[in-house]
Amino acid sequence: MSSDIDPYEHLHIALNSDGTLTRFVKLPKANPVASPDDPVVFKDQTLNAEKKTRVRIHMPTIKLPPNDGTRIPIIIYYPRSLWFLSFWDTDKTYILTSKLACQVPAIVVSVEYRLAPENKLPEQYHDALDAILWVKEQALNPNGEHWIKDYGDISRCFLHGCGCGGNIAFFTALEAARMELEPLKIVGNIMNQPVFGGMERTSSELQNCADPVFPLCAQDLVWEFSLPKGENRDHWYCNPTVEGPHTSAINKLCRCLVIGFYGDAMLDRQQDFVTMLMRHEVQIDAMFHDSGFHAMEIVDPEWMNYIVEIIRHFIVDTENKP
């Protein structure tokens with residue numbers, strides 16, 4: 001294992017004496033000015049004023065259903081964050097969500113959730129569930145957000161998360177499976193390179209401990225930031241393969257898609273996660289590419305296109321199944 005990487009330096013952060021972080025990275029924001037021929041438009045709405053969370057709604061302007069009551073699915077998207085960095089309104093997130101909105105087509109709701117260490121798990125899961133309930137409220141309220149109310153089909157909702165957002169999508173899907181959400185219905189869960197961990201090192205962690213995006217020492221640090229105080233990486237939020245209060249709801253999950261790359265240090269964790277889902281008889285599609293590394297679609301647009309096509313196919317195939 002490599003020990004010469006300083007995780008604070010790698011992540012461009014400093015821990016303050018009061019337990020908060022100074023974040024030195026300023027990610028480029030997506031604030032394009034819409035023009036009449038744009039294939040996708042977006043707008044921001046308040047999710048929870050008290051928690052200071054928001055959502056960004058992406059709406060395709062082409063491939064819309066005719067004005068005959070036909071509607072398009074809704075994707076509730078939990079972006080990457082490394083648990084401590086906000087990606088929800090960045091240009092990279094916009095590229096992904098706009099591609100999904102246009103190519104599926106679908107309404108895509110990108111969710112801002114609170115960050116660690118100022119907010120520890122399960123607060124992020126609560127914010128994620130807020131987004132599901134918000135979508136339901138907009139659809140049913142006569143004065144609700146009109147893109148969702150007039151064009152979205154809340155009986156065809158998909159939860160989708162990347163990285164830490166993939167972890168959030170899983171645990172939020174479990175909570176949603178225990179709830180009465182009708183007429184909203186979650187019909188698929190999409191987890192792209194979900195972030196998991198554990199105390200005992202896996203082979204892929206040891207082989208890729210110096211991962212260029214998310215080295216093992218950085219993973220350990222952000223889990224320390226995000227897990228409840230006093231818990232280690234074998235807490236079920238980090239390691240869902242251990243027995244916990246979440247276990248009884250796993251068999252209630254609808255169809256799932258898990259995407260991963262063989263150069264990701266978390267590959268073994270993700271494959272063990274798929275095995276766990278199969279053991280609980282969850283309908284699962286697993287796509288593990290034999291190259292790549294964690295979050296590689298951020299730096300390579302061709303890989304983003306590849307992932308978007310996998311997701312589009314999964315959504316279309318799910319909707320075509322009886």
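This passage describes strand pairing, aromatic contacts, charged residues over rings, and salt bridges in a predicted model.

Strands β9 and β10 are considered first. Strand β9 covers residues 256-261 and strand β10 covers residues 284-289; the two run parallel and are joined by 6 bridges. Within this pairing, Val 258 stands opposite Ala 286 of β10. Helix α8, formed by residues 267-279, belongs to the same arrangement, as β9, α8 and β10 together make a β-α-β unit that is right-handed.

Aromatic side chains provide a further set of contacts, with a count of 14 aromatic pairs. In one of these, the ring centres of Phe 171 and Tyr 237 lie 5.9 Å apart and the ring planes meet at 85°; because planes over 60 degrees apart count as edge-to-face, the pair is assigned to that class. This contact links distant parts of the chain, given that Phe 171 belongs to helix α5 (residues 164-177) whereas Tyr 237 is found in the loop between α7 (216-226) and β9, at a separation of 66 residues. Both partners fall under the 20% limit for burial: Phe 171 is buried at a relative accessible area of 8%, and Tyr 237 is buried at 13%. Tyr 237 also pairs with Trp 236, the ring centres being 5.9 Å apart and the planes at 75°, so this contact is likewise edge-to-face. Trp 236, in contrast to a buried residue, is partly exposed, with a relative accessible area of 25%. These residues form part of a cluster in which ring pairs link Tyr 125, Phe 170, Phe 171, Phe 196, Trp 236, Tyr 237 and Phe 273.

Aromatic rings are also approached by positively charged side chains. The charged end of Lys 43 is placed over the ring of Trp 147, at 4.2 Å from the ring centre. Similarly, Arg 56 lies over the face of Trp 88, and the distance to the ring centre is 5.4 Å.

Oppositely charged side chains were examined across the whole structure, where 20 salt bridges are found. One of them joins Arg 114 to Asp 127, with 2.9 Å between the closest N and O atoms. Arg 114 is located in the loop between β6 (107-111) and α3 (123-140), while Asp 127 is part of helix α3, so the salt bridge ties together parts that are 13 residues apart in sequence. Arg 114 and Asp 127 are both buried.

A second salt bridge brings together Arg 269 and Glu 205, with an N to O distance of 2.9 Å. Here the partners come from two helices, Arg 269 from α8 and Glu 205 from α6 (residues 203-207), and the pair links distant parts of the chain that are 64 residues apart. Arg 269 counts as buried at 9% relative accessibility, and Glu 205 is buried with a relative accessible area of 2%. Through Arg 269, helix α8 of the β-α-β unit is thus in contact with helix α6.

A third salt bridge, between Arg 312 and Glu 309, has its closest N and O atoms 2.8 Å apart. Both residues belong to helix α9 (residues 301-320), where a spacing of 3 residues separates them by about one helical turn. Arg 312 counts as partly exposed at 23% relative accessibility, and Glu 309 is partly exposed at 36%. Finally, salt bridges with shared partners join Lys 51, Arg 114, Glu 123, Asp 127 and Asp 130 into one network.

Terms used: Residues are numbered from 1 along each chain as its sequence is written. This is a predicted model: local features need pLDDT of at least 70, side-chain atom pairs count only at pLDDT 80 or more; totals for chains, interfaces and linings use all residues. Side-chain values use heavy atoms; hydrogens and water are left out. Two strands pair if DSSP finds at least two bridges between them. Helices (H or I, at least four residues) and strands (E, at least two) are DSSP runs, numbered from the N terminus. A crossover is right-handed if, with the strands pointing away from the viewer, the path from the first strand over the helix to the second runs clockwise. Rings of Phe, Tyr and Trp (its six-membered ring) pair if their centres lie within 6.5 Å; planes under 30 degrees apart count as stacked, over 60 as edge-to-face and the rest as tilted. Buried means under 20% relative accessible area, exposed over 50%, partly exposed in between (1.4 Å probe, protein chains only). A charge sits over a ring if NZ of Lys or CZ of Arg is within 6 Å of the ring centre and within 35 degrees of the ring normal. A salt bridge is a side-chain nitrogen of Lys or Arg within 4 Å of a carboxyl oxygen of Asp or Glu.
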